[in-house]
Amino acid sequence: HFFAGLLQSMFRFFRPALLKRHCFFLVKDVYVANLPFEIADDEVTKFFSSCGRCTFRMVKDREQLSKGFGYASFESDDAASKAVLLSGRELGGRKLRISLAKNPRLGLGADAKPGSPRTPEGQGWRGP
C-alpha cells in the first residue's frame, strides 16, 4: 500500500504540469497531410465519418488552391484518436498522413521549449 500511496501523491503533484505540457489525449484536432489537391472538404469529412462528427478545413494558398493538407476538428478526443488510426489509408489515390494537431499555445509543438515564442511562458504567437 505504501507504493500505491506514493504513486497517487506523485500523480497529483505532477498532473497539472503533464496536462499543461503533454495533453495529447485532450487534443480534438488532427492534421491531415498528402491530400489530393482537387479533393473537396465534404469528401474528407465523409472519410472521417466512421470516427465521429467532424468539420474539416483545407489550407489554401492566395489563389484559393489547395496546399494538400488541412485540419479536422472532432467533437471528442476519442474521435480524434480514432482518426489517427486511419493514417496510411488511401483517399483519392493518395496515402494520407494523419496525426494529432500540435497546438503551439499549449507548448505541444516539436520545437516548443519553456519560454520560447511557441509556449504560454513566451506569450504565444503574437506576443503579450
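Here a visitor and a guide talk through a predicted model and the reasons behind some of its labels.

Visitor: Let's start with serine 66. Where is serine 66 placed?
Guide: Happy to begin there! Serine 66 is in strand β3, which covers residues 66-74.

Visitor: Why is serine 66 called buried?
Guide: Its relative accessible area is 15%, and buried means under 20%. Serine 66 therefore meets the definition.

Visitor: What makes the link between serine 66 and glycine 68 a polar contact?
Guide: The side chain of serine 66 reaches the backbone nitrogen of glycine 68 at 3.0 Å. The cut-off for such a pair of N or O atoms is within 3.5 Å, so the distance fits.

Visitor: Which residues is serine 66 in contact with, leaving aside its neighbours within four places in sequence?
Guide: Those are Pro36, Phe37, Met58, Val59 and Lys60.

Visitor: Now glutamine 64. Why is glutamine 64 called exposed?
Guide: Its relative accessibility is 55%, and exposed means over 50%, so the label applies. Glutamine 64 lies in the loop between β2 (54-60) and β3. Its phi is near 65 degrees, a positive value in a residue other than glycine.

Visitor: What is the phi of asparagine 34?
Guide: Asparagine 34 has a positive phi of about 70 degrees, although it is not a glycine. This residue sits in the loop between β1 (29-33) and α2 (41-47).

Visitor: On to helix α3. Which residues of α3 are buried?
Guide: In α3, residues 77-84, the buried ones include Ala79, Ala80 and Ala83.

Visitor: How do you know that the buried residues of α3 line one face of the helix?
Guide: Look down the axis of α3: its buried residues fall within an arc of 100 degrees, so they line one face. What covers them includes β1, β3 and β6 (97-100).

Visitor: What makes arginine 53 and glutamate 75 a salt bridge?
Guide: Their closest N and O atoms are 3.7 Å apart. The rule asks for a side-chain nitrogen of Lys or Arg within 4 Å of a carboxyl oxygen of Asp or Glu, so this pair qualifies. The pair links distant parts of the chain, 22 residues apart: arginine 53 is in the loop between α2 and β2, and glutamate 75 in the loop between β3 and α3. By this rule the count comes to 1 salt bridge.

Visitor: Why are arginine 53 and glutamate 75 called exposed?
Guide: Arginine 53 has a relative accessible area of 63%, and glutamate 75 has 54%. Exposed means over 50%, so the label fits arginine 53 and glutamate 75.

Note on methods
Residues numbered from 1 in each chain as written. Predicted model: local features only at pLDDT ≥ 70, side-chain atom pairs only at ≥ 80, totals over all residues. Heavy atoms only, no water. Helix = DSSP H or I, 4+ residues; strand = E, 2+ residues; numbered from the N terminus. Buried < 20%, exposed > 50% of the residue type's maximum accessible area, 1.4 Å probe, protein only. Polar contact = N/O pair within 3.5 Å; in protein donor to acceptor, adjacent residues only side chain to side chain. Contact = heavy atoms within 4.5 Å. Arc of directions from axis to C-beta.
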